[in-house]
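Subject: The structure I promised you

Hi,

Here is the structure we talked about, handed over for you to explore. Open it up, and then read on for what turned up in it.

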Amino acid sequence: MTAQPAARVTIKDVAARAGVSKGAVSLAFNHKPGLSEATRDRIFRAARELGWAPNLTARTLAGSRVDVVGLAICRPARLLGLEPFYMEFVSGVESVLIERNCSLLLRLVRNVEEEVGIQESWWRGRQVGGSILVDFRADDPRVAAVERLGMPVVAVGHPSFTGGLTSVWTDDATAVTEAVRYLAALGHRRIARVGGAAALGHTATRTAAFDDAARGLGLAGAWQVTTDYSGEAGGRATRSLLTAPAADRPTAIVYDNDIMAVAGLSVAAEMGLHVPRDVSLLAWDDSQLCRLTHPTLSAMSHDVHGFGAEAARTLFGAITGEGPGSHPVPTPVLTPRGSTAPPAM
């Protein structure tokens, strides 16, 4: 026998489960007065148990506006404030929200499980009209969670990590390959990479691309170290790489962000090494920091502000059903500066 599709849960079902009228359910999800907190909680619990959420497209067609967009980031507050990437990314998101008279609800979380709960709470409580999801990993639980909720989102990550969600991403593999080939073309045969958190999807992509590029070029040495993206961790990783005997240490280091590259520059100076004569340094995510150091830092550069703006535009497209769907943004390109040069003979 052919299995019958499950009946679609409706507002009437939620009302029946909570023992209230359909009007009361509407009041609860629209944050209107006239209900006790106990009744509101009972309605939200019934909706959660039934897996029901208001249909955002229907609300939009009825004239409702999306006033708030959510963004949860798994970073300590002290680190987020120092990380130029997210400051630029959020600035790009805000540039689009301002045009639409919307606000950004930003929340810092400790782990992805906490974020799942936050996203569900935002959507059930109709605090947001949709969310931007970042920092994907393999088998990310947010994919199933937001699909179950029927919540409009844009996933900032490669489709290999974001399931069927509408996604925007950069081609990290191609960019890493370009960085390694550039350093090899300068004459470097021992190249290291100081990467970000190992669990993140883009870290895994960059790690695999670095290994493939090093192997394809037949490099004599290729090292990779994972960190938490902080300057302290980047400095420690650099120190561990540069304390090896001169004949065995890397002559070039690629960093997964600008903060770690700046820290690496300080460590090289502390150890009496000249950049770029003794060691070349190459940062990811070009920022003002890279242009303020001495020497200035070579970087894999991309328009992070534009990336954030494109993520926001794609989210609104997902909400209305009129957007471009999943697509890449421009690949980071190499910007050579004073921190890279051929190795000393």
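Let's start with a definition: a salt bridge is a side-chain nitrogen of Lys or Arg within 4 Å of a carboxyl oxygen of Asp or Glu. By this rule, there are 14 salt bridges. One of them pairs Asp256 with Arg206, with 3.5 Å between the closest N and O atoms. These two come from distant parts of the chain, 50 residues apart: Arg206 is in helix 11 (residues 201–217), and Asp256 is in the loop between strand 8 (252–255) and helix 13 (258–270).

Before going further, some housekeeping. This is a predicted model, where local features need pLDDT of at least 70 and side-chain atom pairs count only at pLDDT 80 or more, while totals for chains, interfaces and linings use all residues. Residues are numbered from 1 along each chain as its sequence is written, and side-chain values use heavy atoms, with hydrogens and water left out. The helices (H or I, at least four residues) and strands (E, at least two) are DSSP runs, numbered from the N terminus.

Now the sheets. Two strands count as paired if DSSP finds at least two bridges between them. One open sheet has six strands in the order 2-1-3-4-5-11, with parallel pairing. Strand 2 (103–108) and strand 11 (327–328) are at its edges with a single partner strand each, so one side of each has no neighbour in the sheet. Inside the order, strand 4 (residues 153–156) and strand 5 (residues 167–169) run parallel and are joined by two bridges. If you want a spot to zoom in on, Ala155 stands opposite Ser167 in strand 5.

Helix 6 (residues 84–99) lies across strand 1 (68–73), strand 2, strand 3 (131–133) and strand 4, and runs at about 155 degrees to strand 2. For angles like that one, axes are lines fitted to C-alpha atoms (for helices, over the stretch in contact), and the angles run from 0 to 180 degrees between N-to-C directions. Contact here means heavy atoms within 4.5 Å.

The other open sheet also has six strands, this time in the order 7-6-8-9-10-12 with mixed pairing. Its edge strands, strand 7 (221–226) and strand 12 (333–335), each pair on one side only. From one strand to the next, the twist averages 20 degrees. Strand 6 (residues 190–195) runs parallel to strand 8, and four bridges join them. Look for Val194, which stands opposite Tyr255 in strand 8. Helix 10 packs on this sheet and touches strand 6, strand 8, strand 9 (280–284), strand 10 (298–301) and strand 12, with its direction at about 165 degrees to that of strand 9.

What about the empty space? On a 1 Å grid over the protein atoms alone, a cavity is a set of points where a 1.4 Å probe fits but cannot get out; a pocket is an open set with protein on both sides within 12 Å along at least five of seven lines; lining residues have an atom within 4 Å of a point. Grid points are joined across faces, edges and corners, and a volume is the space filled by probe spheres set on the points.

The largest pocket has a volume of about 470 Å³. It is lined by 28 residues, and those closest to its centre are Thr170, Asp172, His202, Arg206 and Phe307. You have met Arg206 already, in the salt bridge with Asp256. Helix 11 gives the largest share of the pocket lining, four residues. By class, that lining has twelve nonpolar, eight polar and eight charged residues; Ala, Val, Leu, Ile, Met, Phe, Trp, Tyr, Cys and Pro count as nonpolar, Asp, Glu, Lys and Arg as charged, and the others, Gly among them, as polar.

There is also one cavity of 30 Å³ or more, and about 50 Å³ of space lies in the largest cavity. Its lining includes Ala72, Asn111, Asp135 and Arg142.

Finally, some backbone oddments. Val275 and Pro276 are joined by a cis peptide bond, with omega about 15 degrees, and Pro276 is in the loop between helix 13 and strand 9. Another cis peptide bond joins His294 and Pro295, with omega about 0 degrees.

Happy exploring!
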